[in-house]
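Hi,

Here is the structure I said I would pass on. Have a look at it first, and my notes on what turned up follow below.

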Amino acid sequence: MLIFKQKAIWLLVAFGIFCLDQVSKQWAVAALDYSQPQTFLPFFNFTLLHNYGAAFSFLSDAGGWQRWFFGIVALVVSIFLVIWILRLERHKKLELAGLTLILGGAIGNLYDRISLGYVVDFVDWFYPSANSCLPFFYARLDMQTCHWPAFNIADSAILAGVFLLVIDMFFGKKEEESS
């Protein structure tokens, strides 16, 4: 019980990320028409899309089994992350922050996948281009633009969490060795 109390703040932050993600997705569903970009900045739209697959819509047209597969993977990863957070030493704050961000994002997308059968995405970054797009971007020939695959707050939290874990991997050990 003491371990849980010590780590409660991290789990509450993960819950806060989940809530922020769900509120933003509810806003997107209520305010946006499916697949119709709403300009926000010259390089940034809000565009409501449904992702039936994984990152970059991987396996989105696989026939439905992927909903349960990715749901189970996200559930297992989330349980693993909670255990990791509870067992991690309190002074490893950068690692805890990274794991917390990943957990909050994973649960946000898991909730969508279970309740809706897809993940709600709505953030659309792009740049103008008449010729070809950079890797991982896709072309919208009608608009002469290249778009990063749409994403959401949960995806952003996961990416930020991974970034913190990479920083911790390279610089965290130096801190431990010097102390």
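The chain has four helices and five strands. Starting at the N terminus, their order is α-β-β-α-α-β-β-β-α. Keep in mind that this is a predicted model. The chain is 179 residues long, and 37% of them count as buried.

A good place to begin is helix 3, which covers residues 93–116. With 24 residues at 1.5 Å each, helix 3 should span 34 Å, and the C-alpha atoms at its ends are indeed 34 Å apart, so the two values agree. Right after helix 3 comes Gly 117, which has a positive phi, near 90°.

Next, the inside. The largest nonpolar core is made of twelve residues: Trp 10, Leu 11, Ala 14, Leu 81, Ile 85, Leu 88, Leu 96, Ala 97, Leu 99, Ile 102, Leu 103 and Leu 164. Helix 1 (2–31), helix 2 (65–87) and helix 3 are the elements that supply two or more residues to this core. Which of them gives the most? That is helix 3, with five residues. There is also a second, separate core of ten residues, with Leu 32, Leu 48, Tyr 118 and Phe 122 among them. As background, nonpolar side chains in soluble globular proteins tend to be buried together.

Now for the charged side chains, which I enjoyed tracing. You will find two salt bridges in the structure. One joins Asp 21 to Lys 25, with N and O 2.8 Å apart. Asp 21 and Lys 25 are four residues apart in helix 1, so about one helical turn separates them. Are these two buried or exposed? Both Asp 21 and Lys 25 are buried.

The other salt bridge runs from Lys 25 to Asp 112, and here the closest N and O atoms are 2.8 Å apart. This pair ties together distant parts of the chain, since Lys 25 sits in helix 1 and Asp 112 in helix 3, 87 residues apart. Lys 25 and Asp 112 are both buried. Through shared partners, the salt bridges connect Asp 21, Lys 25 and Asp 112 into one network. In general, side chains of opposite charge can pair when their charged atoms come close.

On the surface, look for a nonpolar patch of about 480 Å², formed by Val 162, Val 166, Met 169, Phe 170 and Phe 171. Val 162 belongs to helix 4, residues 153–178. The relative accessibility of Val 162 is 39%, so Val 162 counts as partly exposed, given that this class lies between 20% and 50%.

Then there are the strands. Strand 1 (residues 38–41) and strand 2 (residues 44–51) pair in the antiparallel sense, over three bridges. Which residue in strand 2 is the bridge partner of Gln 38? It is Phe 46. Strand 1 and strand 2 make a hairpin, with two residues between them.

One last stop is Ser 35, in the loop between helix 1 and strand 1. Ser 35 is not a glycine, and yet its phi is positive, about 65°. With a relative accessible area of 33%, Ser 35 is partly exposed.

If you only have a few minutes, I would start with the network of Asp 21, Lys 25 and Asp 112, then turn to the twelve-residue core.

Cheers

Terms used. Residues are numbered from 1 along each chain as its sequence is written. This is a predicted model: local features need pLDDT of at least 70, side-chain atom pairs count only at pLDDT 80 or more; totals for chains, interfaces and linings use all residues. Side-chain values use heavy atoms; hydrogens and water are left out. The expected span of a helix is 1.5 Å times one less than its number of residues. A nonpolar core is a set of buried Ala, Val, Leu, Ile, Met, Phe, Trp, Tyr and Cys residues joined through side-chain atoms within 4.5 Å. Buried means under 20% relative accessible area, exposed over 50%, partly exposed in between (1.4 Å probe, protein chains only). A salt bridge is a side-chain nitrogen of Lys or Arg within 4 Å of a carboxyl oxygen of Asp or Glu. Patches are made of residues with over 30% relative accessible area and no salt bridge: like charges are joined within 9 Å, nonpolar side chains (Val, Leu, Ile, Met, Phe, Trp, Tyr) within 5 Å. Accessible areas come from the Shrake-Rupley method with a 1.4 Å probe; for residues, only the protein chains shown count as cover. Two strands pair if DSSP finds at least two bridges between them.
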